[in-house]
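Work through the following exercises with the structure at hand. Each task is followed by a solution in steps.

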Amino acid sequence: MDVLRDKNGLTEEEFLAAYRPGDYVRPSVAVDMVIFTAADREENNYRKVPEKELKLLLIQRGGHPYIGTWALPGGFVEPTETTEQAAERELKEETGVEDIYLEQLYTFSDPDRDPRMWVMSCSYLALTDSRALTVKAGDDAKRAEWFTVKLITENQQTDSFNDRVTRITDYRLELTSGEITLSAGVRHTFTRSAKGSENSFKITENNGLAFDHAKIITYAIERLRGKVEYTDIALNLVPEYFTLTELQQVYEIILGRQLIKAPFRRKYGVLAEPTDKTTSDAGHRPSRLFRRKWKT
């Protein structure tokens with residue numbers, strides 16, 4: 001069998017022996033974790049069923065760059081692991097949990113997104129019930145906090161020209177935890193043409209968030225809003241046993257709007273099955289508890 005050689009007359013073994021990776025600019029690779037949970041809002045009236053809030057885990061950076069600002073938990077990918085393995089490791093280190101819902105979002109690769117060097121971020125979305133978490137800050141963070149998160153659409157316009165359609169959405173991202181308030185403006189431009197589609201995100205205003213994390217958070221909420229319409233992804237934010245009211249509240253905090261009870265239960269009630277358990281909260285009328293209906 002003839003040995004294959006390239007245009008320089010080298011075999012593959014000879015080529016690899018002479019190859020010098022340092023001749024090429026290489027980015028570092030990091031993972032950033034967008035960890036959402038649905039938590040009960042504190043209520044003074046114990047007879048009232050607690051309402052839900054969508055919460056996002058952020059860490060306060062303890063070192064440069066962006067010292068003192070808030071960021072998504074994450075870190076660099078080690079040479080011996082995949083990005084998914086790095087995400088699972090970071091998730092366990094930051095929250096103390098594993099084996100929860102995790103999916104890759106997007107790779108953010110702007111050369112100037114990190115002032116230190118070219119760092120590509122492979123972002124991941126994680127969803128969990130807050131009661132299962134033990135949150136802790138990593139070695140390079142001052143502290144970790146859950147922030148109530150809201151993504152508000154301030155303006156949206158669509159333009160068409162020939163076979164090209166462009167939709168521009170201006171968002172306001174708001175995050176609060178006690179006395180801490182963070183915010184950002186993000187513009188999402190989506191273009192569709194005969195050649196395909198293209199997404200771009202631009203931060204138009206930033207108050208307290210590190211790097212380009214306002215983009216990543218906005219992208220994650222958009223993804224979550226889209227998937228709740230046709231999957232059972234929202235059930236990753238409720239405990240094993242839940243009421244249909246709790247489930248509806250989870251959908252409402254994701255979508256950012258109130259839903260009518262009857263149509264909601266017709267559409268999404270099929271995702272859950274009733275159990276023989278009921279709630280036993282003092283001050284509340286007992287309600288039937290449901291659990292996730294797993295497809296066979």
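**Exercise 1.** Leaving aside its neighbours within four places in sequence, which residues is Thr-243 in contact with?

Solution. The model is a predicted one. Begin with the position: Thr-243 sits in the loop between α3 and α4. Beyond its neighbours within four places in sequence, Thr-243 touches Thr-279, Ser-287, Arg-288 and Leu-289. Next, take the accessibility: the relative accessible area of Thr-243 is 10%. Buried means under 20%, so Thr-243 counts as buried.

**Exercise 2.** Classify the packing of α3 against α4 and list the residues that meet.

Solution. Helix α3 covers residues 213-228 and helix α4 residues 244-255. Their axes come within 9 Å and cross at roughly 135°. That angle makes α3 oblique to α4. The crossing of α3 past α4 is left-handed. On the α3 side the residues are Leu-224, Arg-225 and Val-228, and they meet Tyr-251, Ile-254 and Leu-255 of α4. By class, the residues of this contact are 5 nonpolar, no polar and 1 charged.

**Exercise 3.** Do the same for α4 and α5, starting from the angle at which they pack.

Solution. Helix α5 comprises residues 261-268, and its axis is 11 Å from that of α4. The two helices pack at an angle of about 95°. The range 65 to 115 counts as roughly perpendicular, so α4 and α5 are roughly perpendicular to each other. From α4, the contact uses Leu-244, Thr-245, Leu-247, Gln-248 and Tyr-251; from α5, Lys-261, Phe-264, Arg-265 and Tyr-268. These residues divide into 5 nonpolar, 2 polar and 2 charged.

Conventions
Residues are numbered from 1 along each chain as its sequence is written. This is a predicted model: local features need pLDDT of at least 70, side-chain atom pairs count only at pLDDT 80 or more; totals for chains, interfaces and linings use all residues. Side-chain values use heavy atoms; hydrogens and water are left out. Axes are lines fitted to C-alpha atoms, for helices over the stretch in contact, and angles run from 0 to 180 degrees between N-to-C directions. Helices (H or I, at least four residues) and strands (E, at least two) are DSSP runs, numbered from the N terminus. Angles under 35 degrees count as roughly parallel, over 145 as roughly antiparallel, 65 to 115 as roughly perpendicular and the rest as oblique. A crossing is left-handed if the near helix is turned anticlockwise from the far one by less than a right angle, and right-handed if clockwise. Contact means heavy atoms within 4.5 Å. Ala, Val, Leu, Ile, Met, Phe, Trp, Tyr, Cys and Pro count as nonpolar, Asp, Glu, Lys and Arg as charged, and the others, Gly among them, as polar. Buried means under 20% relative accessible area, exposed over 50%, partly exposed in between (1.4 Å probe, protein chains only).
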